Amino acid sequence: MEEIINKKGFICDMDGVIYHGDRLLDGVTEFVNWLIDNDKKFVFLTNSPEKTPHELSMKLERMGLSVSADHFYTSAMATAEFLSTQKPGCTAYVIGEPSLTKALYDRDIYMNDVNPDYVVVGETRTYNFEKIEKAIELVNNGAKLIGANPDISGPTTHGIMPATGSLIAPIEITTGKKAYFVGKPNPLMLRHGLKKLNCHSTEIAFVGDRMDTDIIAGIESNMDTILVLSGITSLEDIDKFPYRPKYILNGVGDIIR
């Protein structure tokens with residue numbers, strides 16, 4: 001454990017690591033206070049593009065944990081950063097929540113439903129056939145297809161619901177064009193997190209609860225990985241994968257106990 005606590009900083013997944021729904025997980029408050037008290041650099045990373053950093057900060061505040069907005073990094077932000085480096089000043093047709101659109105605007109990427117450079121898809125509750133038709137038309141006319149994350153489903157307070165991977169599938173199937181997904185397990189997102197912390201990969205530990213997105217992304221980013229069993233992965237699940245996390249803990253509270 002000494003090797004972990006001596007790390008300069010931490011990148012942490014959120015759902016299953018920090019909270020479940022609207023409930024903080026055991027040991028999280030103590031862990032975050034330890035990060036702050038010991039001047040550790042840290043960022044909370046989420047594959048969900050549905051909330052802005054400020055909204056995520058307010059969500060934790062409602063659960064009794066005070067963390068400023070600059071400690072959050074979302075797949076919406078990673079998608080906007082990726083597109084701005086690929087084609088500065090590009091335009092996009094977006095199927096997603098306002099937070100995804102805002103992240104694109106913040107990177108000078110503007111909306112275009114006539115001849116956009118990209119069609120960008122993220123989780124949304126306003127998904128409909130008209131938007132699918134429009135996206136298919138634009139991709140067939142040359143727009144590149146981008147997904148904020150590849151997740152097929154995700155947990156909500158109402159149970160498991162479709163995520164970006166499911167929403168983008170009809171567009172891929174109809175057009176025959178495969179999307180490029182920015183979020184985990186793409187290591188690009190973790191590298192953006194490193195850049196935000198201004199740290200080298202060896203100085204950071206990455207904490208996640210999923211083998212198929214979190215742990216593989218950490219391994220491919222050359223970070224020490226910590227799998228916590230407070231989310232969807234059990235000890236028995238680990239052997240189903242051809243790779244392993246460096247550390248296995250019950251939750252983030254175990255890091256400081």
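Begin by selecting F31 and W34, both of which are buried. The model on screen is a predicted one. The rings of F31 and W34 form a stacked aromatic pair, with 6.2 Å from centre to centre and 20° between the planes. Both residues belong to helix α2, residues 28–37, and because they are three residues apart in that helix, about one helical turn separates them. An α-helix has 3.6 residues a turn, so residues three or four places apart point the same way. Now add F10 to the selection, since ring pairs link F10, F31 and W34 into a cluster.

**Other rings**

The structure as a whole contains eight aromatic pairs, and another of them can be shown by selecting F42 and F44. The ring centres of F42 and F44 lie 5.6 Å apart with the planes at 55°, so this pair counts as tilted. F42 and F44 are both buried. Next, display Y19 together with K59, where the charged end of K59 sits over the ring of Y19, 4.1 Å from the ring centre.

**Helices α4 and α5**

Select residues 75–86 for helix α4 and residues 98–106 for helix α5, and look at how the two pack, at an angle of about 35° and with their axes 8 Å apart. The crossing of α4 past α5 is right-handed. To see the contact itself, show the side chains of A76, M77, A80 and L83 in α4, which meet S99, L100, A103 and L104 in α5. Sorted by character, the residues of this contact comprise seven nonpolar, one polar and no charged.

Staying with α5, colour S99, L100, T101, A103 and L104, which are buried residues of this helix. Their cover includes α4, but also β6 (91–95), β7 (110–111) and β8 (118–121). Following α5 comes D108, whose phi is positive, near 60°.

From α5, move to T52, which is found in the loop between β4 (41–46) and α3 (53–62). Which residues does T52 contact, once its neighbours within four places in sequence are left aside? The partners are S99 and K102, and S99 is one of the α5 residues already seen in the contact with α4. T52 has a relative accessibility of 17% and therefore counts as buried.

**Helix α9 and its surroundings**

Now select residues 211–220, which make up helix α9; seven of its 10 residues are buried, so the helix is largely enclosed by the rest of the structure. The buried residues are M211, T213, D214, I215, I216, A217 and G218. To view what they pack against, add β1 (9–13), α8 (187–197), β13 (204–208), β14 (224–228) and α10 (235–238) to the display.

Continue past the end of α9 to N222, in the loop between α9 and β14. The phi of N222 is near 65°, a positive value in a residue other than glycine. Most residues other than glycine have a negative phi, and most peptide bonds are trans.

N222 also leads to the next stop, T202, which lies in the loop between α8 and β13. Leaving aside neighbours within four places in sequence, T202 is in contact with K7 and N222. T202 and K7 are 195 residues apart in sequence, yet their C-alpha atoms are 8.4 Å apart in space. Is T202 buried, exposed or partly exposed? With a relative accessibility of 48%, T202 counts as partly exposed.

**Either side of α8**

In the loop that holds T202, between α8 and β13, select N198 as well. Its phi is near 60°, again a positive value in a residue other than glycine. N198 is exposed, with a relative accessible area of 63%.

End the tour at P185, in the loop between β12 (180–181) and α8. Select K184 along with P185 and inspect the backbone between them, where the peptide bond from K184 to P185 is cis, with omega near 15°.

Conventions: Residues numbered from 1 in each chain as written. Predicted model: local features only at pLDDT ≥ 70, side-chain atom pairs only at ≥ 80, totals over all residues. Heavy atoms only, no water. Axes fitted to C-alpha atoms, helices over the stretch in contact; angles between N-to-C directions. Helix = DSSP H or I, 4+ residues; strand = E, 2+ residues; numbered from the N terminus. Left-handed = near helix turned anticlockwise from the far one by under 90°. Contact = heavy atoms within 4.5 Å. Nonpolar A, V, L, I, M, F, W, Y, C, P; charged D, E, K, R; others polar. Phe/Tyr/Trp six-rings, centres within 6.5 Å; stacked < 30°, edge-to-face > 60°. Buried < 20%, exposed > 50% of the residue type's maximum accessible area, 1.4 Å probe, protein only. Lys NZ or Arg CZ within 6 Å of the ring centre and 35° of its normal.
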